[in-house]
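Reader: Could you take me through one part of this model closely? I would like to look at the salt bridges, and then at what lies around them.

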Amino acid sequence: MKKITVLGAGTMGNGIAHVFAQHQYQVTLVDISEAALEKALKTIGKNLDRQIKKDLIDEAQKQQTLTTINTSTKIEEAAPLADLVIEAISENIDLKKKIFRQLDEVCDKQTILASNTSSISITEIASVTQRPSQVIGMHFMNPVPVMQLVEVIRGYATSDEVTQKVMEVSNKLNKIPVEVNDYPGFVSNRILMPMINEAIYTLYEGVAGVAEIDTVMKLGMAHPMGPLQLADFIGLDVCQSILEVMHDGFGNPKYAPCPLLKNMVMAGHLGVKSGKGFYDWSQGTKELIVAKK
């Protein structure tokens, strides 16, 4: 497995492309926007510079990584020769199905099709293809160059051979793959999102403030950051979307997004990416300032 195509040049897509390129894979990063591709390459360059400052790589390795990444705005040109395609677009099931139908048509019959989805059913995505045994989930964690985990999600029809290949390629990236089965939220978000939702309910019901809730979880539970700060980093719209997937999938009211979360998303207070969530991020991410509602 040498040729990798990554669909989507956002935070996750450029991180996935970075990691594969750094491990000598031939990478093509695809996005419909040239501007998004240019921004992604700049982001990868900045992240490589951070690795240089930490003495993890040198300048020559940075340049080699960057020259290994090609870009394209057309799936039909970038995907056919890939050994592995990883979709990293927004969490929209209809859009993912459209993409996987197209990939199934243009890719070689042996190509493995993976999704970086954080909650959407791999089985449902695979159902629109003629190769469900070769469709799998590769859920990388953010930031991809730093976080070790890859949640490898087997759809109902995913083959043992494909699962083994994806586990092996994850290991070659110096990641730690964990195999899980295809149920709403998988393992990571099935456990994490109800905790974040409960933290938001705790704020919503006036039990404690933002800083107090996060401090309790950091000092009392040894979490590296509090659940409300983490929600801001993930994106409140993403949190809501994942909770809705689990609510629909399980039919259990405990997964229903808190009304406060829904209101914040409707107001455009999405966390770090919008500059305001539970904290005010307008001046960057180095200082925590509780946002004024």
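Author: Start with lysine 96 and glutamate 91. Their side chains meet in a salt bridge, with N and O 3.3 Å apart. Keep in mind that this is a predicted model.

How enclosed are the two partners? Lysine 96 has 0% relative accessibility, so it counts as buried. Buried means under 20%. Glutamate 91 is partly exposed, with a relative accessible area of 23%. So this bridge joins a buried lysine to a partly exposed glutamate.

Now move to lysine 97. It forms a salt bridge with glutamate 124. Here the closest N and O atoms are 3.0 Å apart. Lysine 97 lies in helix 5, residues 93–106. Glutamate 124 lies in helix 6, residues 122–126. The pair therefore ties together parts that are 27 residues apart in sequence. Lysine 97 counts as buried, because its relative accessibility is 17% and the cut-off for buried is under 20%. Glutamate 124 counts as partly exposed, at 35%.

A further bridge joins glutamate 179 and arginine 154, at 3.5 Å from N to O. This pair, too, links distant parts of the chain. Glutamate 179 is in strand 8, and arginine 154 is in strand 7, residues 149–154. They are 25 residues apart. Glutamate 179 is partly exposed, at 41% relative accessibility. Arginine 154 is buried, with a relative accessible area of 16%.

Go back to the opening pair. Lysine 96 and glutamate 91 belong to a network with Glu87, built from salt bridges that share partners. How many salt bridges does the whole structure hold? A search finds ten.

Glu87 leads us on to the strands. Glutamate 87 is in strand 4, where it stands opposite leucine 7. Strand 4 covers residues 84–87, and it pairs with strand 1 in the parallel sense over four bridges. These bridges are strand pairings, so do not mix them up with salt bridges.

Strand 1 has another partner. Five bridges join it to strand 2, residues 26–30, and these two strands also run parallel. One contact to find is isoleucine 4, whose bridge partner in strand 2 is valine 27. Helix 1, residues 11–22, completes the picture: strand 1, helix 1 and strand 2 make a right-handed β-α-β unit.

Why is strand 1 described as largely enclosed by the rest of the structure? It spans residues 3–7, and four of these five residues are buried.

Strand 8 deserves a second visit. It runs over residues 176–181 and holds valine 178. Valine 178 counts as partly exposed, at 39% relative accessibility. Together with Leu149 and Ile176, Val178 forms a nonpolar patch on the surface. The three have about 220 Å² of accessible area together. Strand 8 thus holds valine 178 as well as glutamate 179, the partner of arginine 154.

Last, look along the chain to residues 185–281. An unreviewed UniProt entry places the feature "domain: 3-hydroxyacyl-CoA dehydrogenase C-terminal" there. In this model the span is 62% helix and 0% strand. Its end C-alpha atoms lie 28 Å apart.

How values were computed: Residues are numbered from 1 along each chain as its sequence is written. This is a predicted model: local features need pLDDT of at least 70, side-chain atom pairs count only at pLDDT 80 or more; totals for chains, interfaces and linings use all residues. Side-chain values use heavy atoms; hydrogens and water are left out. UniProt positions are given in the numbering used here, feature names are shortened, and annotations may be inferred rather than shown by experiment. Buried means under 20% relative accessible area, exposed over 50%, partly exposed in between (1.4 Å probe, protein chains only). A crossover is right-handed if, with the strands pointing away from the viewer, the path from the first strand over the helix to the second runs clockwise. Patches are made of residues with over 30% relative accessible area and no salt bridge: like charges are joined within 9 Å, nonpolar side chains (Val, Leu, Ile, Met, Phe, Trp, Tyr) within 5 Å. Accessible areas come from the Shrake-Rupley method with a 1.4 Å probe; for residues, only the protein chains shown count as cover. A salt bridge is a side-chain nitrogen of Lys or Arg within 4 Å of a carboxyl oxygen of Asp or Glu.
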